[in-house]
Amino acid sequence: MTRFHQPVMLSEVLTFLAVRPDGVYVDCTLGGGGHAAAVLACLGPEGRLIGLDRDPDALAFARERLGSDARVRLVQANFACLSEVLRDLGLTEVDGILYDLGVSSYQLDQPERGFTYRSADAPLDMRFDPSSPLSAADLVNRLGEEELRRIIATYGEERWAKRIARFIVRARSREPFSTTGQLVEVIKEAIPASSRRRGPHPARRTFQALRIAVNRELESLELSLPQAAEHLRLGGRLVILSYHSLEDRLVKEFFRRTPVLRPLTKKPLRPSPQELERNPRASSCKLRAAEKILISEGGE
Ligand SMILES: C[S@@+](CC[C@H](N)C(=O)[O-])C[C@H]1O[C@@H](n2cnc3c(N)ncnc32)[C@H](O)[C@@H]1O
């Protein structure tokens, strides 16, 4: 069954975007179009909404929901190419830019995309854009043990990364990985039973790590943020929802070293307890926002 992705921290996102009815807004991670629909509802007839997603399925889904509105332009693109997308649309400045990073419930709920450890027979894929060259199976079958360990430890913050990498390399010498179920079984073997009984699903961290690596998620964000800062008009707003400590750190550092951005959140905002009760998938979310300001030649 297909479910809408519940937009995370929606009222906070709208508050920080401070949508002007005649403004131009970019949703860099359209997904199911939840945030985008809410922004659109704040726009008047002169306003415009640009939506990007790498995933052609997400785009088709959002197009059903928003595509018939003449104020909306939806583009299949990596937000690492934000400047190019805006240039192709004849835009130089926009009023607000939103990133809601990571994977959507819609993608997780489609087992054939390979994002979920809850389905045994799915292909081990995890690509946002199915035309990109390497799937999760390619990484798991080809990377050296040390590189696998590094990815699982860094992007998954998994304390058993070394054992998982070792078990993966041993298992693939018998049979290459092709399904999510095969990987889940090997991860379960690698993590000692006492640790497996506590906390989330034992494969959760490794799956997250592989997804981040397959889609080069941090690299895309790092490339995109300077473009976002460049294209905001003075007073324009940048709002970013991140779900991983490395993403949040990257955003925080970027705000710190970008003088034209004045942070509006001293510390990242977290979802309210009421939201977390309704939507546990929001639990790791952190929101940071900034405003574009004028820097005089003296640097102040
Ligand atoms: C958390 S979901 C967004 C959900 C959306 N805000 C909503 O309310 O439905 C993240 C989306 O960003 C997309 N995405 C991730 N990295 C991307 C990138 N580098 N460029 C464009 N889209 C990306 C994913 O395909 C996914 O659809």
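A residue is taken as partly exposed when its relative accessible area lies between the limits for buried, under 20%, and exposed, over 50%. Glutamate 219 has a relative accessible area of 29% and is therefore partly exposed. The model analysed here is predicted.

Glutamate 219 pairs with arginine 216 in a salt bridge. The closest N and O atoms of this pair are 3.8 Å apart. Both residues recur in the lining of the second largest pocket. This pocket has a volume of about 330 Å³. Its lining comprises 19 residues. Ala213, Val214, Asn215, Arg216 and Glu219 are the lining residues nearest the pocket centre. Three helices each supply at least two residues of the lining: helix 7 (145–156), helix 11 (204–214) and helix 12 (217–231). Helix 7 gives the most, with 4 residues.

Two of the central lining residues, Ala213 and Val214, are also touched by leucine 139. Leucine 139 belongs to helix 6, which spans residues 136–142. Its relative accessibility is 9%, so leucine 139 counts as buried. Beyond its neighbours up to four places away in sequence, leucine 139 touches Leu134 and Leu148 as well as Ala213 and Val214. Leucine 210 lies 71 residues from leucine 139 along the chain. The C-alpha atoms of these two leucines are nevertheless separated by 7.9 Å.

Salt bridges were examined next. The structure holds 19 of them. One joins the side chains of aspartate 95 and arginine 20, with an N to O distance of 3.5 Å. Aspartate 95 lies in strand 4 (residues 94–100), and arginine 20 in the loop between helix 1 (10–17) and strand 1 (24–27), so this pair ties together parts that are 75 residues apart in sequence. The two partners differ in accessibility. Aspartate 95 has 8% relative accessibility and counts as buried. Arginine 20 is partly exposed, with a relative accessible area of 36%.

Aspartate 95 also meets arginine 233 in a salt bridge, with an N to O distance of 2.4 Å. Arginine 233 lies in strand 5 (residues 232–242) and aspartate 95 in strand 4, so the pair ties together parts that are 138 residues apart in sequence. Here, both partners are buried. Arg20, Asp95 and Arg233 are linked with Asp22 in a network of salt bridges.

Arginine 233 is also in contact with lysine 292. Lysine 292 is found in strand 7, residues 286–292. Lysine 292 is buried, yet has no salt bridge. The nearest side chain of opposite charge is that of glutamate 93, 5.7 Å away. A salt bridge requires a side-chain nitrogen of Lys or Arg within 4 Å of a carboxyl oxygen of Asp or Glu, so glutamate 93, at 5.7 Å, does not form one with lysine 292. Backbone oxygens lie near the polar part of this side chain instead. The backbone oxygen of alanine 229 is 2.8 Å from a polar atom of the lysine 292 side chain. For the backbone oxygen of glutamate 230, the corresponding distance is 3.2 Å. With neighbours within four places in sequence set aside, lysine 292 is in contact with Ala229, Glu230, Leu232, Arg233, Leu234, Gly235, Gly236, Val260 and Leu261.

Enclosed space was also assessed. The count comes to 1 cavity of 30 Å³ or more. The largest cavity has a volume of about 50 Å³. Its lining consists of Leu17, Tyr25, Val26, Asp27, His35, Ala36, Val39, Leu49, Gly96, Ile97 and Leu98. Strand 1, helix 2 (34–42) and strand 4 each supply at least two of these residues. Strand 4 is also the element that holds aspartate 95.

The loop between helix 4 (82–88) and strand 4 contains leucine 89. At 24% relative accessibility, leucine 89 counts as partly exposed. Leucine 89 touches Ile50 and Arg73, not counting residues up to four places away in sequence. Arginine 270 is 181 residues from leucine 89 in sequence. The C-alpha atoms of leucine 89 and arginine 270 are 34 Å apart in space.

Methods. Residues numbered from 1 in each chain as written. Predicted model: local features only at pLDDT ≥ 70, side-chain atom pairs only at ≥ 80, totals over all residues. Heavy atoms only, no water. Buried < 20%, exposed > 50% of the residue type's maximum accessible area, 1.4 Å probe, protein only. Lys, Arg positive; Asp, Glu negative; His and termini not counted. Polar contact = N/O pair within 3.5 Å; in protein donor to acceptor, adjacent residues only side chain to side chain. Contact = heavy atoms within 4.5 Å. 1 Å grid on protein atoms, 1.4 Å probe; cavity = no way out; pocket = protein on both sides within 12 Å on 5 of 7 lines; lining within 4 Å. Points joined across faces, edges and corners; volume = space filled by probe spheres on them.
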